[in-house]
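Here are some exercises to work through with the structure open beside you. Try each task before you read its solution.

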Amino acid sequence: MSSAPDGKKLVRSPSGLRMVPENGAFNSPFSLDEPQWVPDKECPRCMQCDTKFDFITRKHHCRRCGKCFCDKCCSKKVALQRMCFVDPVRQCAECGLISQKEAEFYDKQLKVLMTGATFLVTLGTSEKSETMVCRLSNNHRYLFLDGESHFEVELSRISSMQVLTEGSPPGGSSSPASSMMLRYKTVGSRDLQNLRLEATDDRKTASVWLAAMHKVISHHKPFTLQNALQQS
């Protein structure tokens, strides 16, 4: 085991090398735990095509589901970012397709959110607004807002979200998103706080960011990647 920058460490598991947070409490909400492998003695045949294993036909475990397969049914190595594997790992056909779709989500939506966009931000009922850069934290757990001041919103504490488009009520047009209203709970409080984000000069970047945020948050109860993927 060796240390790596940004609070991460490199660990070796039976499935391969993984780059994981040093503190498990800071895992991404999208992360998955490695599955327990089906014991060799419990799978004399491929769990997909029923081919019997022998000295010639070897068994392989899918790194995502942990089941046993022959080489034909588990030959592809696919990136599995939700388990933090450094390199692509062996997966069965079904799991491989799921992981490929998830990779598209990571490469597109999450990268947009982590890059950030500039908004006019209004807190609560305040009449004062501040221009701030909003972005998703590297561990995908927090929304960072930076301007003259700084504050954070934990995604798991967001209870509702409303996206507005230019000149139209919510959901009433396919026009680009121009603003977003979030309601969330602060730590130690049961009261809901309002947070409004309004696009400023770079409306195109802001609209793309808002659309990505909508896909991540709109169905986060429970907050899972499966819900976000359904919105992709």
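The exercises below cover salt bridges and the nonpolar core.

This is a predicted model, in which local features need pLDDT of at least 70, side-chain atom pairs count only at pLDDT 80 or more, and totals for chains, interfaces and linings use all residues. Residues are numbered from 1 along each chain as its sequence is written, and side-chain values use heavy atoms, with hydrogens and water left out.

**Exercise 1.** Find the salt-bridge partner of Arg-82 and state whether each residue is buried or exposed.

*Solution.*
- Step 1: Look for a salt bridge (a side-chain nitrogen of Lys or Arg within 4 Å of a carboxyl oxygen of Asp or Glu).
- Step 2: Arg-82 pairs with Glu-102, and their closest N and O atoms are 2.9 Å apart.
- Step 3: Check burial (buried means under 20% relative accessible area, exposed over 50%, partly exposed in between, with a 1.4 Å probe and protein chains only).
- Step 4: Arg-82 is buried because its relative accessibility is 8%, and Glu-102 is buried too, at 2%.
- Step 5: Widen the view: a network of salt bridges links Arg-64, Arg-82 and Glu-102.

**Exercise 2.** Describe the largest nonpolar core and the surroundings of Trp-209.

*Solution.*
- Step 1: Collect buried Ala, Val, Leu, Ile, Met, Phe, Trp, Tyr and Cys residues joined through side-chain atoms within 4.5 Å.
- Step 2: The largest such core has 32 residues, and Trp-209 is one of those with the most contacts inside it.
- Step 3: List contacts (heavy atoms within 4.5 Å).
- Step 4: Beyond its neighbours within four places in sequence, Trp-209 touches residues including Val-112, Phe-119, Cys-134 and Leu-197.
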